[in-house]
Amino acid sequence: AAVFEACLTWIYTGSVQVQESLLTELFQAAARLQILTLLEQTELLLTRRIKPANSIAMWLLGDALTRVNLREAAHLTILRTFSELSSTDDFLTLPVACMESLLVHDRLMAQSEEAVFQSFQRWYAAKSPPPSHNELCRLLALVRWPLMDPTFVEQHVNRDPMLRSHVDVTMILATAFQKALFGLKPNSRGIHELEFRFSSAFDTNGMLYAIATRGGKREYRNPHDSQDVVVTTSGLAVRRQRELPCEEGFFVEHSAGDSSSVHNYTVDRIGSWMAVDLGTGRALRPDHYCLRSDGMDLAKLRNWVLEGSNDGTQWDELKTHAADDTLSSRPFSTGAWAINASNRAFRHFRIRTTGHCSSGMHFLACFGIELYGSATFRGDGIL
């Protein structure tokens with residue numbers, strides 16, 4: 001009665017207040033009665049309230065009512081918290097199609113492929129009636145067998161009655177390992193995608209800042225000093241004794257120094273460079289980047305390129321600067337630029353001089369870089 005009354009109130013007034021405990025029922029009623037505006041609003045509210053504990057229920061609800069936003073939001077939550085959810089009773093209620101959509105996904109977060117298989121075993125044992133033979137083969141083909149430890153395969157996979165009883169299943173495993181033998185090993189699971197949207201130079205939206213704070217889970221630490229990224233250079237200058245020494249980590253420092261004695265520049269050499277390796281399992285499709293000069297009022301970058309690489313050896317030019325005077329003569333001046341990388345993703349980024357700086361020499365003076373765009377995090381690279 002309360003839900004029906006709420007629907008009538010919405011139809012006549014365009015707004016309604018209900019207890020949160022009735023939100024799911026109101027959503028279902030709006031779907032049955034095709035009250036589209038109420039359906040959209042309740043779906044939005046339910047989507048905002050998705051958490052691991054209710055994600056499976058919300059996924060099944062969204063799927064049953066063909067509400068894409070609710071279903072996809074719940075699906076992402078399940079993928080991120082699979083290790084936690086796979087031990088719950090709700091996990092055992094998943095239909096075959098839902099299990100298939102999990103196993104196929106690169107973004108499934110699990111401790112290991114062995115853990116994925118053990119979760120599948122638990123789910124399969126609880127199904128009554130069990131999945132059909134064709135469904136079983138389809139699901140098992142999505143398990144990434146070559147990622148498992150050989151000892152686990154020998155002691156657990158090869159002795160599993162579910163697998164030993166079907167010739168077709170045995171062929172699935174044999175085919176997977178044969179492909180891996182010829183270099184077609186499946187991707188590791190646990191791909192997480194994040195957008196780092198540029199707002200202003202050295203805001204807190206960049207990828208390096210996210211790595212340095214572990215996605216906001218800790219206080220900022222220079223990511224090179226914490227060994228979360230690795231900075232290399234063509235060779236830093238040796239400073240005078242009274243001044244602070246140049247340091248590789250300064251290249252990825254987020255905030256400017258508080259003293260003009262904080263300098264960071266390379267040896268005066270044609271083609272000087274500074275580079276950052278984002279680390280294993282991380283790649284960025286860049287669309288913006290920014291730089292900060294060091295504490296000097298000279299040796300500002302004027303001619304340089306931004307380059308990207310996936311192996312640190314072969315480099316692609318992403319942005320060319322010629323007689324670019326964006327970095328002003330004041331200490332710690334900043335500049336930001338858009339990049340057209342043609343949707344290519346890179347693990348390594350470097351700036352390399354192609355001509356003289358503002359002082360007419362070939363120093364590369366830089367006290368900070370930040371990168372923006374669409375990033376993927378895989379395995380150990382996840383924040």
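Start with helix 1, residues 2-13: this helix gives the most to a nonpolar surface patch, with four residues. Keep in mind as you click around that the model is predicted. To see the whole patch, select Phe4, Leu8, Ile11, Tyr12 and Leu33, which together make about 580 Å² of nonpolar surface. Then zoom in on tyrosine 12, which sits in helix 1. Its relative accessible area is 71%, so tyrosine 12 is exposed.

**Next stop: the loop after helix 2**

Select glutamine 34, in the loop between helix 2 (23-33) and helix 3 (36-48). Check its backbone: phi is near 55°, a positive value in a residue other than glycine. Is glutamine 34 buried or exposed? With a relative accessible area of 52%, glutamine 34 is exposed.

**On to helix 3 and a salt bridge**

Show glutamate 43 and arginine 67 as sticks. They form a salt bridge, and the closest N and O atoms are 2.8 Å apart. Arginine 67 belongs to the loop between helix 4 (52-64) and helix 5 (68-80), while glutamate 43 is in helix 3, so you are looking at a link between distant parts of the chain, 24 residues apart. Glutamate 43 is buried, at a relative accessible area of 4%. This pair is one entry in a longer list, as a search of the whole structure finds 16 salt bridges.

**A cis peptide bond**

Now go to serine 128 and proline 129. The peptide bond from serine 128 to proline 129 is cis, with omega near 0°. Proline 129 is in the loop that runs between helix 8 (113-126) and helix 9 (133-140).

**The open sheet**

Color the strands and find the open sheet of five, with the order 2-3-8-5-6 and antiparallel pairing. Which strands stand at the edges? They are strand 2 (230-233) and strand 6 (316-321), and each has a single partner strand, so one side of each is left without a neighbour in the sheet. Neighbouring strands of this sheet are turned by 15° against each other on average, direction ignored.

Begin at the strand 2 edge and pick threonine 233, which is found in that strand. At 15% relative accessibility, threonine 233 counts as buried. Leaving aside residues up to four places away in sequence, threonine 233 touches Glu248, Trp273 and Met274. Try a distance label from threonine 233 to phenylalanine 251 as well: C-alpha to C-alpha they are 9.3 Å apart in space, and 18 residues apart in sequence.

Then cross to the strand 6 edge. Strand 5 (residues 304-309) runs antiparallel to strand 6, and five bridges join the two. Select glutamate 307 and you'll find it opposite glutamate 317 in strand 6. Glutamate 307 is buried, with a relative accessible area of 4%.

What does glutamate 307 form a salt bridge with? The partner is arginine 352, with the closest N and O atoms 2.8 Å apart. Arginine 352 lies in strand 8 and glutamate 307 in strand 5, so the pair ties together parts that are 45 residues apart in sequence. Add Arg350 and Glu317 to your selection: salt bridges that share partners join Glu307, Glu317, Arg350 and Arg352 into one network.

**Strand 7 and its surroundings**

Strand 4 (residues 282-292) and strand 7 (334-338) are also worth a look. Five bridges join strand 4 to strand 7, and the two run antiparallel. For a spot to center on, take histidine 288, which stands opposite alanine 338 in strand 7. Color strand 7 by face: Gly335 and Trp337 are on the covered face, with Thr334, Ala336 and Ala338 on the uncovered one.

Follow the chain into the loop between strand 7 and strand 8 (348-353), where asparagine 343 has its place. Phi of asparagine 343 is near 65°, a positive value in a residue other than glycine. Asparagine 343 is exposed, with a relative accessible area of 62%.

**Last stop: arginine 347**

Finish by selecting arginine 347 and aspartate 277, a salt bridge with the closest N and O atoms 2.7 Å apart. Arginine 347 lies in the loop between strand 7 and strand 8, and aspartate 277 in strand 3 (residues 273-277), so this pair ties together parts that are 70 residues apart in sequence. Arginine 347 is partly exposed at 24% relative accessible area, whereas aspartate 277 counts as buried at 15% relative accessibility.

Terms used:
Residues numbered from 1 in each chain as written. Predicted model: local features only at pLDDT ≥ 70, side-chain atom pairs only at ≥ 80, totals over all residues. Heavy atoms only, no water. Patch = residues over 30% accessible without salt bridge, like charges linked within 9 Å, V, L, I, M, F, W, Y side chains within 5 Å. Areas by Shrake-Rupley, 256 points an atom, 1.4 Å probe, with all protein chains shown as cover. Salt bridge = Lys/Arg side-chain N within 4 Å of Asp/Glu carboxyl O. Buried < 20%, exposed > 50% of the residue type's maximum accessible area, 1.4 Å probe, protein only. Pairing = 2+ DSSP bridges. Axes fitted to C-alpha atoms, helices over the stretch in contact; angles between N-to-C directions. Contact = heavy atoms within 4.5 Å.
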